[in-house]
Amino acid sequence: VCTYPTFRLEPVEVCASIGRAVQLEKPMATQLPVARQILEIAQSSKVSLSVISQHRFDDSILFLKRALEAGRLGKILQADAYVKWFRSADYYSRPMKGSWATEGGGALINQAIHQMDLLLYLFGPISEVRGMWQLGSLHNIESEDIVNALLRFDSGATGVLQAATAFWPGSAERIEVHGTKGTAVVTGDRLTTWNVQDDEEAKLADPAPLHQEVSTGASNPMAISLLSFERQFLDFARAIREGIEPVANGEAGYLALDTVLRIYHACKAG
């Protein structure tokens, strides 16, 4: 079952009751109690649970994950994500789009939750958030189409997340990483910058897959590459077959949702 968004538990309960694995679109829910119930249903029924986070399977992220684990960037000082996209009035003309009740929010929970997932996947949990938003700055919606967040990771690194659907004509999303040994930038689905000190030996074993042509949904959701979706589906199938956790499991989906909702709370609380 692949649902978006998840308002009801019944589809998950039915799948779990007959031993069928469950893969959910992001966000896995719009409220944490519902997300927690989904996790508990999957765990108690011993079925595999995955949340769509296809960018974990981009070549750029696969490389960056390996490079970070090998310490090639040194100690991470700063990790930022920018999703400065554009969506038309037609995109938001559907009643569900941009509403709190159905989508749970706007640009952050719908578009930039992917980059939030990547920040958590690559750099670990976020201990502190501060936020500021604009509600319906360009579009006729009740939720945010511009949001800015300051982040502090458990590791001590700091970061920025900016998300918008109000910036015409839209720019390719970026993740920028700064460590004590250098800088890496992922633009769209590609690694576009890899400037790292004393990296010659590591480059021979695992060269940086640098590209300048990128795939992005900055102004058109249909322009997003399908390759990484295919890789995630194959990983999910392997997890089911071998009885192991998928790369993008339910706990990862829960953590991304939790961090997004913490940013929303910070925005509301000032």
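**View 1. Residue classes lining the second largest pocket.** In this predicted model, the lining of the second largest pocket mixes seven nonpolar residues with five polar and three charged ones. The pocket itself has a volume of about 200 Å³. Of its 15 lining residues, look for A42, Q43, V47, L49 and E245 if you want those closest to the centre.

**View 2. Helices around the second largest pocket.** Here the focus moves to the helices behind that lining. At least two lining residues come from each of α2 (32-45), α7 and α8 (250-269). Helix α2 makes the largest contribution to the second largest pocket, with three residues.

**View 3. The centre of the largest pocket.** Now we turn to the largest pocket, which holds about 780 Å³ of space. Its lining is made up of 34 residues. To find your way to the middle, start from Q54, H114, P221, I224 and F229, the lining residues nearest the centre of the largest pocket.

**View 4. Helices around the largest pocket.** Three helices to trace in this view are α4 (107-111), α5 (113-123) and α7 (227-242), each supplying at least two residues of the lining. Helix α7 gives the most to the largest pocket, namely five residues. You have met α7 already, as it also supplies at least two lining residues to the second largest pocket.

**View 5. Residue classes lining the largest pocket.** Sorted by class, the lining of the largest pocket comprises twelve nonpolar residues, eleven polar residues and eleven charged residues.

Terms used. Residues numbered from 1 in each chain as written. Predicted model: local features only at pLDDT ≥ 70, side-chain atom pairs only at ≥ 80, totals over all residues. Heavy atoms only, no water. 1 Å grid on protein atoms, 1.4 Å probe; cavity = no way out; pocket = protein on both sides within 12 Å on 5 of 7 lines; lining within 4 Å. Points joined across faces, edges and corners; volume = space filled by probe spheres on them. Helix = DSSP H or I, 4+ residues; strand = E, 2+ residues; numbered from the N terminus. Nonpolar A, V, L, I, M, F, W, Y, C, P; charged D, E, K, R; others polar.
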